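Please walk through the structure below, beginning with its charged side chains and then turning to its strands and helices.

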Amino acid sequence: MDPYKLGEMEQKFADLIWQHAPIRSGELTVLCAQAFGWKRTTTYTMLKRLCERRLFVNDKGTVSVRMTKEEFQAAQGEQFVSETFGGSLPRFLAAFTTRRKLSSQEIQEIKKLICEYEEDAHDGTAF
């Protein structure tokens, strides 16, 4: 099971939790019944799956976030670049820009990210 790939309903369920967490599991079953037409058992089965993937934790009936949506999306992106481009971000950008040109704003945002990363690297705070 790939921890950073979610099916359509898993993604919708995760989004619902991220939107409402922390949330009591009983309240979550009510939300899922309204949003997806799920039975209580379906909600708990899906919750168990996503807890096993370490996205959420169900502690004494309270569902909390273990991995934020942003952290999860970053992990998905890292996995995609790793699997598809051998972990090379430059190869990914080269492939991406052959089909779609970057706007001036996107170029400036990328330059800003690189400059911030360079500053962190010089400060010794980069990962």
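In this predicted model, a network of salt bridges links Glu10, Arg49 and Arg53. Side chains of opposite charge can pair when their charged atoms come close. Glu10 pairs with Arg49, and the closest N and O atoms of the two are 3.4 Å apart. This pair links distant parts of the chain, since Glu10 belongs to helix H1 (residues 8-20) and Arg49 to helix H3 (residues 40-52), with their positions 39 residues apart in the count. Glu10 also forms a salt bridge with Arg53, where the N to O distance is 3.4 Å. Here too distant parts of the chain are linked: Glu10 lies in helix H1, while Arg53 lies in the loop between H3 and S2, 43 residues apart.

The members of this network can be placed by their exposure. Glu10 is buried because its relative accessible area is 9%, under the 20% cut-off for that class. Arg53 has a relative accessible area of 11% and is therefore buried. Arg49, at 35% relative accessibility, counts as partly exposed, a class that runs between the 20% limit for buried and the 50% limit for exposed.

The structure holds seven salt bridges. One of them joins the side chains of Arg100 and Glu106, with 2.7 Å from N to O. Arg100 has a relative accessible area of 36%, so Arg100 is partly exposed. Glu106 is partly exposed as well, because its relative accessible area is 23%.

Charge also appears in a patch on the surface. Glu118, Glu119, Asp120 and Asp123 form a negative surface patch. Asp123 is located in helix H6, which covers residues 104-123. Is Asp123 buried or exposed? With a relative accessibility of 59%, Asp123 counts as exposed, because that class begins over 50%.

The strands come next. Three strands make an open sheet in the order S1-S3-S2, and their pairing is antiparallel. S1 and S2 are the edge strands, each pairing on one side only. Strand S1 (residues 23-24) is joined to strand S3 (residues 62-65) by two bridges, and the two run antiparallel. Arg24 has Thr62 as its bridge partner in S3. On the other side of the pairing order, four bridges join strand S2 (residues 56-59) to S3, again antiparallel. Phe56 has Val65 as its bridge partner in S3. In a regular strand the side chains alternate between the two faces of the sheet.

What lies between strands S2 and S3 in their hairpin? The hairpin has two residues between the strands, and Lys60 takes a positive phi near 55° there.

A last point concerns helix H4, which spans residues 69-85 and includes Val81. Val81 has a relative accessible area of 11% and is therefore buried. How far apart are Val81 and Phe92 in sequence and in space? The two residues are separated by 11 residues in sequence, and their C-alpha atoms are 6.6 Å apart in space.

Definitions and conventions. Residues numbered from 1 in each chain as written. Predicted model: local features only at pLDDT ≥ 70, side-chain atom pairs only at ≥ 80, totals over all residues. Heavy atoms only, no water. Patch = residues over 30% accessible without salt bridge, like charges linked within 9 Å, V, L, I, M, F, W, Y side chains within 5 Å. Areas by Shrake-Rupley, 256 points an atom, 1.4 Å probe, with all protein chains shown as cover. Salt bridge = Lys/Arg side-chain N within 4 Å of Asp/Glu carboxyl O. Lys, Arg positive; Asp, Glu negative; His and termini not counted. Charge placed at Lys NZ, Arg CZ, Asp CG, Glu CD. Buried < 20%, exposed > 50% of the residue type's maximum accessible area, 1.4 Å probe, protein only. Pairing = 2+ DSSP bridges.
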